[in-house]
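Opening the notebook on a new chain. I want to see how its strands pair up and then what the overall fold looks like.

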Amino acid sequence: MRLALATLCFLVATAPAVARADAPPPIPDGSVAEGTRDIARTWLAEPTDRYPHGVLGDALEANALVVEGRDGTISIHRLNDDTVFEFLTPMLADIDGDGLDEAWVVRADARDGGRLEGYGLAAGKLIRRYEGPAIGNGFRWLNPIGIGDFDGDGKAEAAYIETPHIGGVLTVLKAKGDKLEITARAITAYSTHKIGSTSLDLGAIADIDGDGAEDFILPNQVHDRIAIVSLMNGKLVERWRSKRLTRIIGGLRVTPTDSGFQVTYRTTGGAENQVTVSVSDLTQ
Ligand SMILES: [Ca+2]
Ligand SMILES: [Ca+2]
Ligand SMILES: [Ca+2]
């Protein structure tokens, strides 16, 4: 540990500062996420075609994760190997409750496919803080949903849809040390992405029933129905499913109403559609 700390200090002391103007720009179709804690902004950069998967709109993925700290300091984590960041915009969330955000991304390669990872600032350096299990097959992707307390134990978990194009599996993971370990999986197919689309925001989390645990709002495999799923006694349970809807393209979000929740999403042609969910409609 002493050696590791000494090495870290050496790197911090000698790493050249990157000015914001010199930081590499976001990849095509990627955007900048803004945070409220120690990370002010983060984005994916340095497009590369070394992983020929191309399910997120083009065949370019990212080599670098860029973070701008609250003090304006730019930190860059470059992969420079045969893996890529197969994602468009990092998600900022604090899974461990230490008050510092992690930037959540998917790292993928041709051998093992995707895995969820969280990167954070430590002693001024951007490091991998959490690593989830790889899918285990190349050219298989996962789409993160969010970080939240899904089982109501007061600690946050991570959640994603594994292989959203071929029978998506809702997966919940707990942080243990520097690993994310799977704690629950749903066999029912949910999907938060259409292959080739740059819209990754087809899922949401919200505490629909007000029990203190976040619930999942997810489209079915063909994106024409919306389901509410909860983690109950260690199992993922579907508690409501809408009637057939106009196609869900992206921009899915949830807002509370007097009697429940309103789910809003973008449909074919760019129009918005809305669905009302009453808490009393949910199975117990
Ligand atoms: Ca944290
Ligand atoms: Ca929890
Ligand atoms: Ca709940």
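**Strand pairing**

I started from one residue: leucine 231 has leucine 236 in E17 as its bridge partner. The model is predicted, so I kept its rules at hand: local features need pLDDT of at least 70, side-chain atom pairs count only at pLDDT 80 or more, and totals for chains, interfaces and linings use all residues. Residues are numbered from 1 along each chain as its sequence is written, while chains are lettered from A and ligands numbered from 1 in the order in which they are written.

Next I looked up the two strands: E16 (residues 226–232) and E17 run antiparallel, joined by six bridges. Strands pair here if DSSP finds at least two bridges between them.

Then the sheet. It is open and has four strands, ordered E14-E15-E16-E17, with antiparallel pairing. At the edges I found E14 (204–206) and E17 (235–241), each pairing on one side only.

**Whole chain**

I tallied one helix and 20 strands, counted as DSSP runs (helices H or I, at least four residues; strands E, at least two) numbered from the N terminus.

The radius of gyration, over C-alpha atoms, is 19 Å, close to the 19 Å from the globule rule for 284 residues, so the chain is as compact as a globular protein of that length. That rule is 2.2 Å times the number of residues to the power 0.38. I also noted that the C-alpha trace spans about 60 × 40 × 35 Å along its principal axes.

Last entry: 40% of the 284 residues count as buried (20 or more other C-beta atoms within 10 Å of the residue's own, with C-beta atoms placed from the backbone).

Conventions: A residue is buried if 20 or more other C-beta atoms lie within 10 Å of its own, exposed if 12 or fewer, and partly exposed in between; C-beta atoms are placed from the backbone.
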